[in-house]
Structure formats: C-alpha cells, structure tokens
Amino acid sequence: MSDWLVLLLAMLAACAVVVVITLVRHRTASAEDDPSETPDVIEYMTMWIGVVYAIVLGLAIAGVWEARSAAADHVQAEAQALHEISERVRVYPPDVRDAVRADVDAYVRHTVTTEWKTMVDHGRLTQSGTDLLDDIRRDVTDYQPKTDFQAQAYQPLVDQVAAVDQARSARADSTGATMPGVVWFGLLIGAVITVGMVFALQIQRTKRELVLAGLFSVTIAFMLFLIWDFDAPYSRGIAATVQPFLQLFPHIKG
C-alpha cells in the first residue's frame, strides 16, 4: 500500500468519523435539546486551524532553511579541503606539487563552470568531476614520501582528499528538492482550508475586512513561495553558490 493511499484513507476515515458522530448525535438528541443554545464553534475551529497551519508552515520553513544552510556548508567544506590540499602539497617535490595543484585547479574549474550548471539544470553531478577527483586522489596517495617532513604531511593530505570526497557526496545528496510531495500536498490543502475558513466566518464587504482577508491570503502565499524558493538549495533564489571556490581559488574564472 502506497503512502498516498494510506494518507487518503486516513483523511477519509477522520472525516467520516466526524460526520457519523454528528449525525448520530442529531438523530438521538432528546426533545429538550435546544441547538440554539449550543456555543458557536466556528471561530474556535478557525483559530485552531490557523494555529496548526502556522506551526506546519514554521516547521517547513525551518526544514528548507536548514537544508539550504547545510548545502552551503557542504560547498564551503569542499572548497576548503581543496585549498588545504593545494597549500600543504608545497612540501612535496616540484613535479609532484605542480601536478597535484594542476589537478585541483582542473577540478575546481570544472565544478564552477560545468558541474554547477548540471546540478542546477538536472539535479546531479557529472562523471567528469568524479574522474578529476580520482586524479587528485591518485596524485596524493601514490606518492611515496622521501623525507620525514613529507611523511608527516602525507596523512593530512590523504585526510583532506577524503574530506573533499565526503563533501562532494553530501553536495550530490543536496541537489534535489528537500520537501517530499506529500508535504507539499499538506501545505497546499492546508492553505486552501485556512483561507476558506475566512469565508466560513461570513466576512462582510467592508473595506477593512476585505483588506485584512487579502493580507492574510498574501501572507500565506508568501510563506509557500519562501518554502518553494528554499526547497532547491542550489538552483533558486537565495541559493548556495560557487563563491567559496572562487574566494579560495581567485585565479579560477567562474
């Protein structure tokens, strides 16, 4: 049974229970019961629907913002690890040092000019980027240190290569949308219900009430747009950028 089917059945069951209980109470009510004395619960229900939906919106915004911040952290960690490799390799012989730095520059250049566009357009990394990272790993791990000083730098360099690989994998996991489809379904249905409850209160056509109803609807629309904008950490609006790479490798042109 799919998640969507479970969700649909749960919603129908909850609605059916409320309707059945209401009808049973209506049919079994005694003659002394006066419905006109029953407190009006419409305003109470509207208030709680608004409160619950506000909590859901807040959690959704917090979730996509946290995912966006994590995506930016992955980029920063990857760029920093590459910078450390480029700097720490200076203790190696010139031919090895230049080879490693050339491969690092090639990887950064590919990331900021080609791979980033692939991430934005298709939500995935490139095989060329993986191959360039493998070149860096081979350059670093295949070299046999000749001095104690080089031996001391070897393991930290290997660790930095692993850090690049880890940050790259995390970046790959963050390329897609953050919010599942079922959450978007709940957010949109909740928006319709919350705005619809305004009309259940039978608002009048006074200027003040119309302005308040409009502002209420605009606020919900803005919140939904904000969630949608943050939902793709690398491709929309306030998105994570390649700026950390360009700051640490200023000679690379984006």
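Trainee: What is the relative accessibility of Asp121?
Mentor: This is a predicted model: local features need pLDDT of at least 70, side-chain atom pairs count only at pLDDT 80 or more, and totals for chains, interfaces and linings use all residues. Residues are numbered from 1 along each chain as its sequence is written, and side-chain values use heavy atoms, without hydrogens and water. Buried means under 20% relative accessible area, exposed over 50%, partly exposed in between (1.4 Å probe, protein chains only). Asp121 counts as partly exposed because its relative accessibility is 45%.

Trainee: Which residue forms a salt bridge with Asp121?
Mentor: A salt bridge here is a side-chain nitrogen of Lys or Arg within 4 Å of a carboxyl oxygen of Asp or Glu. For Asp121, the closest N and O atoms of the pair are 2.7 Å apart. The partner is exposed, at 56% relative accessible area. That partner is Lys117.

Trainee: Why are Asp121 and Lys117 separated by about one helical turn?
Mentor: Both sit in helix 3 (helices, H or I and at least four residues, are DSSP runs numbered from the N terminus). The separation is about one helical turn because, along that helix, the two residues are apart by 4 residues.

Trainee: How far apart are the closest N and O atoms of Asp134 and Arg137?
Mentor: Asp134 and Arg137 both lie in helix 4, 3 residues apart, or about one turn. Asp134 is partly exposed at 26%, and Arg137 is partly exposed at 25%. In their salt bridge, the closest N and O atoms are separated by 3.0 Å.

Trainee: With which residue does Arg97 form a salt bridge?
Mentor: Arg97 is partly exposed, with a relative accessible area of 22%. Its partner is also partly exposed, at 41%. The closest N and O atoms lie 3.3 Å apart, and the partner is Asp98.

Trainee: How many salt bridges does a search of the whole structure find?
Mentor: You've already met Arg97 with Asp98 and Asp134 with Arg137. There is also a network of salt bridges linking Glu78, Glu115, Arg168 and Arg171. For the whole structure, the search gives 9.

Trainee: Which helix supplies the largest share of the largest nonpolar core?
Mentor: A nonpolar core is a set of buried Ala, Val, Leu, Ile, Met, Phe, Trp, Tyr and Cys residues joined through side-chain atoms within 4.5 Å. The largest one has 31 residues, and Leu82, Ile85, Val104, Val108, Ile136 and Phe245 touch the most other members. Helix 2, helix 3 (94–122), helix 4 (127–141) and helix 5 (148–173) each give at least two residues to this core. The largest share, 8 residues, comes from helix 3.

Trainee: Beyond four places in sequence, what is Val108 in contact with?
Mentor: Contact means heavy atoms within 4.5 Å. With sequence neighbours within four places left out, Val108 has contacts with Leu82, Phe245, Phe249 and Ile252.
A second, separate core of 15 residues includes Ala60, Met179, Val195 and Leu224. Back to your question, Val108 is in contact with Leu82, Phe245, Phe249 and Ile252.

Trainee: What is the relative accessibility of Ser86?
Mentor: Ser86 lies in helix 2. Outside four places in sequence, Ser86 is in contact with Arg101, Val104 and Phe249. Ser86 counts as buried because its relative accessibility is 10%.

Trainee: And what is the relative accessible area of Gln160?
Mentor: Gln160 belongs to helix 5. Not counting residues up to four places away, it touches Ala81, Glu84, Ile85 and Arg88. Gln160 is another buried polar name for your notes, with a relative accessible area of 17%.

Trainee: How far are the C-alpha atoms of Thr194 and Ala54 separated?
Mentor: Thr194 is found in helix 6 (residues 181–200) and is buried at 5% relative accessibility. Apart from residues up to four places away, Thr194 touches Ile49, Gly50, Tyr53, Phe216 and Ile220. Along the chain, Thr194 and Ala54 are 140 residues apart, yet their C-alpha atoms are separated by 9.7 Å.

Trainee: Which residue's backbone oxygen lies 2.7 Å from a polar atom of the Thr194 side chain?
Mentor: Thr194 is in helix 6, and its side chain supplies the polar atom of this pair. The backbone oxygen, at 2.7 Å, belongs to Gly190.

Trainee: What is the relative accessible area of Trp48?
Mentor: Trp48 is found in helix 2 (residues 42–88). Together with Tyr44, Met45, Met47, Val51, Val52, Ile55, Val56 and Leu59, it forms a nonpolar surface patch with about 870 Å² of accessible area. Patch members have over 30% relative accessible area and no salt bridge, with like charges joined within 9 Å and nonpolar side chains (Val, Leu, Ile, Met, Phe, Trp, Tyr) within 5 Å; areas come from the Shrake-Rupley method with a 1.4 Å probe, and for residues only the protein chains shown count as cover. Trp48 itself is partly exposed, at 43%.

Definitions and conventions:
Polar contact = N/O pair within 3.5 Å; in protein donor to acceptor, adjacent residues only side chain to side chain.
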